[in-house]
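Let's take a relaxed walk through this protein model. Have a look at it first, and then we'll go through some of its features.

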Amino acid sequence: MFKWSSTTLILFGILAVIVGILAITWPGVTILALVILFAVYAFMDAGLQGARAFSSRSAGPVFGHLLLGLIDLAAGVVALAWPAPTAFVLVIVVAAWALAGGIAEFFAGFQSGETAGSRALLILSGLVSVAFGVLLFARPGVGAGTLALVFRLESLIYGFLQITAGSQVRHLGGDVRSLSELRNAA
């Protein structure tokens, strides 16, 4: 079990590092890949909404799920047909998410029941998120490149962490095996 888990973690880590390196090599392709990934997500969600619509027993949810499925389908088609405006819209959505999340984190930092360190961290991360959201709203063209950079860095960091975790699991598996051999010898 440990060997299979560790091998899987290491392989996913290597794949993530390769994706990160490719994203660094071709930054424009990275933005296009994010748009295509969004389109794939929209198509998958359209299929799931259709499945939900036909599994519902009443007409209200059927119509709602079918409508959401059609909207998802249209979003996927628009993303593939016009990738540049879609990248712009994705940046605006991330900006809105960062702004709203940052405001929520900022005010959560003033809630009672948290330690001073946790409160300070919430306030600081909220301010950073708000600044990031404002920057993306002010310069959406730079935002697309920033999203690609974040994706690159996240892929590399995630990959190295997965490889490290896989190595640790493999080492742990060896330790467990040694303990069981000791128990059988006694």
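## Checking a helix with a ruler

This is a predicted model, so let's start with a simple check on helix 5, which runs over residues 116–138. How far should its 23 residues span at 1.5 Å a residue? The expected span uses one less than the number of residues, so the answer for helix 5 is 33 Å. The C-alpha atoms at its two ends are 33 Å apart in the model, which agrees with that expectation.

Which residues of helix 5 are buried? They are I123, G126, G133 and L136.

## The overall picture

Zoom out and you'll find six helices and zero strands in the chain. If you read along the sequence, the pattern goes α-α-α-α-α-α.

The chain has 186 residues, and 24% of them are buried. Its accessible surface adds up to about 12,200 Å², and carbon and sulfur atoms account for 76% of that. Now take the contacts between residues at least 6 apart in sequence: 77% of these join residues at least 24 apart.

## A nonpolar patch on the surface

Next, look for a nonpolar patch on the surface, with an area of about 790 Å². The residues that make it are L32, I36, V40, F43, M44, L70, L73, V77 and L80. Two elements each give two or more residues to this patch: helix 2 (27–55) and helix 3 (59–81). Helix 2 gives the most, with five residues.

V40 is a handy one to pick out, and you'll find V40 in helix 2. Why does V40 count as partly exposed? Its relative accessibility is 40%, and partly exposed covers the range between buried, under 20%, and exposed, over 50%.

## Three phenylalanines together

How many aromatic pairs turn up in a search of the whole structure? There are two. In one of them, F106 and F107 sit edge-to-face, 5.3 Å from centre to centre, with 80 degrees between their planes. F106 also pairs with F110, again edge-to-face, at 5.1 Å centre to centre and 75 degrees between the planes. Put F106, F107 and F110 together and you have one aromatic cluster.

What about their exposure? F106 has a relative accessible area of 23%, so F106 is partly exposed. F110 is partly exposed too, at 48%.

Methods: Residues are numbered from 1 along each chain as its sequence is written. This is a predicted model: local features need pLDDT of at least 70, side-chain atom pairs count only at pLDDT 80 or more; totals for chains, interfaces and linings use all residues. Side-chain values use heavy atoms; hydrogens and water are left out. Patches are made of residues with over 30% relative accessible area and no salt bridge: like charges are joined within 9 Å, nonpolar side chains (Val, Leu, Ile, Met, Phe, Trp, Tyr) within 5 Å. Accessible areas come from the Shrake-Rupley method with a 1.4 Å probe; for residues, only the protein chains shown count as cover. A salt bridge is a side-chain nitrogen of Lys or Arg within 4 Å of a carboxyl oxygen of Asp or Glu. Helices (H or I, at least four residues) and strands (E, at least two) are DSSP runs, numbered from the N terminus. Buried means under 20% relative accessible area, exposed over 50%, partly exposed in between (1.4 Å probe, protein chains only). Rings of Phe, Tyr and Trp (its six-membered ring) pair if their centres lie within 6.5 Å; planes under 30 degrees apart count as stacked, over 60 as edge-to-face and the rest as tilted. Contact means heavy atoms within 4.5 Å.
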